Amino acid sequence: GEFEASVFSSKKIDGYKIEEKSNEEIYVLAKSEAKRILTETNKAISQKLDLEEKIVKGKALLEQQKFDEAYEIFNSLVSKEDYFDNKVINSLLAEAENLVKETTEKKEAHILAEQKKAEEEKQRKLAAEQAKKAEQQKSQNAKLTKEQAVQLVRKQYDIPNKPNLFVEY
């Protein structure tokens, strides 16, 4: 998991100048191993950066409540099996596994909250309708005085109070 040190050491071995011919065989083997390690280290670095980038992207989607897209990203990370086995990458994979669970939980909680909100809205509308019906029933059952009836007609048809204009019950 110490990628920078691995790259540094591999390059140092690759650039080493041999002084004695008797050590040449060991040097060739060491140089070959250093190149292999450098290749693997670069691949591991690439995997680490890819994991970090996808985790950041998935977290952003999770914050935006795009649960399915976030789940796809996190799940794709944990379902791959060709990662290097080291503490840095294993830590990132463990984080991705936790994010898969978190995404699922948050999606379920969001769905429940939306259902509850819809049910509350339905109940509110039903209560408003019942209140409106009760008010209409009350107004139909209430008896008006003659003066109230006259005022309602004047108000309905916008009839001003003029001496030569009569509204009567």
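**Exercise 1. Work out whether Gln65 is buried, partly exposed or exposed in this predicted model.**

Solution. Start with the place: Gln65 sits in the loop between H2 and H3. Next, take the relative accessibility, which is 47% for Gln65. Buried means under 20% and exposed means over 50%, with partly exposed in between. Gln65 therefore counts as partly exposed. While you're there, check the backbone: phi of Gln65 is near 60°, a positive value in a residue other than glycine.

**Exercise 2. Do the same for Asp158, and say what phi it has.**

Solution. Asp158 belongs to the segment after helix H5 (146–157). Its relative accessible area is 67%, so Asp158 is exposed. As for the backbone, Asp158 isn't a glycine, yet it has a positive phi of about 55°.

**Exercise 3. Place Thr41 and Asn86, and decide whether each is buried or exposed.**

Solution. Thr41 first: this residue is part of helix H2. With 8% relative accessibility, Thr41 counts as buried. Leave out residues up to four places away in sequence, and Thr41 touches Phe3, Ser6 and Val7.

Now Asn86, which you'll find in the loop between H3 and H4. Its relative accessibility is 13%, so Asn86 counts as buried. One more distance to read off: Asn86 and Gln123 are 37 residues apart along the chain, and their C-alpha atoms are separated by 55 Å.

**Exercise 4. How do H2 and H4 pack, and which residues make the contact?**

Solution. Take the geometry before the residues. Helix H2 spans residues 24–63 and helix H4 spans residues 87–141; they pack at an angle of about 20°, with their axes 10 Å apart. Angles under 35 degrees count as roughly parallel, and H2 and H4 are therefore roughly parallel to each other. The crossing of H2 past H4 is left-handed.

On to the side chains. From H2 come Ala44, Gln47, Lys48, Leu51, Glu52, Ile55, Lys59 and Leu62, and these meet residues of H4 including Val88, Ile89, Leu92, Leu93 and Lys106. Sorted by class, the contact of H2 with H4 has ten nonpolar, two polar and six charged residues.

**Exercise 5. Repeat the analysis for H3 against H4.**

Solution. Helix H3 (residues 67–79) packs with H4 at an angle of about 155°, and their axes lie 9 Å apart. Since angles over 145 degrees count as roughly antiparallel, H3 and H4 are therefore roughly antiparallel to each other. Here too you get a left-handed crossing, with H3 passing H4.

The H3 side of the contact is Phe67, Asp68, Ala70, Tyr71, Phe74, Asn75, Leu77 and Val78. Among their partners in H4 are Leu93, Ala96, Val100, Thr103 and His110. The class tally for H3 with H4 is ten nonpolar, four polar and four charged residues.

**Exercise 6. Zoom out: what is the radius of gyration of the protein, and what does it say about the overall form?**

Solution. Count the elements: five helices and zero strands, running α-α-α-α-α from the N terminus on. The radius of gyration is 39 Å, well over the 15 Å that the globule rule gives for 169 residues, so the protein is more spread out than a compact globule. For the box, taken along the principal axes, the C-alpha atoms fill roughly 130 × 30 × 15 Å.

Two last numbers. Buried residues make up 20% of the 169 residues. Of the contacts with a separation of 6 or more, 55% come from residues 24 or more positions apart.

Notes
Residues numbered from 1 in each chain as written. Predicted model: local features only at pLDDT ≥ 70, side-chain atom pairs only at ≥ 80, totals over all residues. Heavy atoms only, no water. Axes fitted to C-alpha atoms, helices over the stretch in contact; angles between N-to-C directions. Helix = DSSP H or I, 4+ residues; strand = E, 2+ residues; numbered from the N terminus. Parallel < 35°, antiparallel > 145°, perpendicular 65-115°, else oblique. Left-handed = near helix turned anticlockwise from the far one by under 90°. Contact = heavy atoms within 4.5 Å. Nonpolar A, V, L, I, M, F, W, Y, C, P; charged D, E, K, R; others polar. Rg over C-alpha atoms; globule rule 2.2 N^0.38 Å. Buried < 20%, exposed > 50% of the residue type's maximum accessible area, 1.4 Å probe, protein only.
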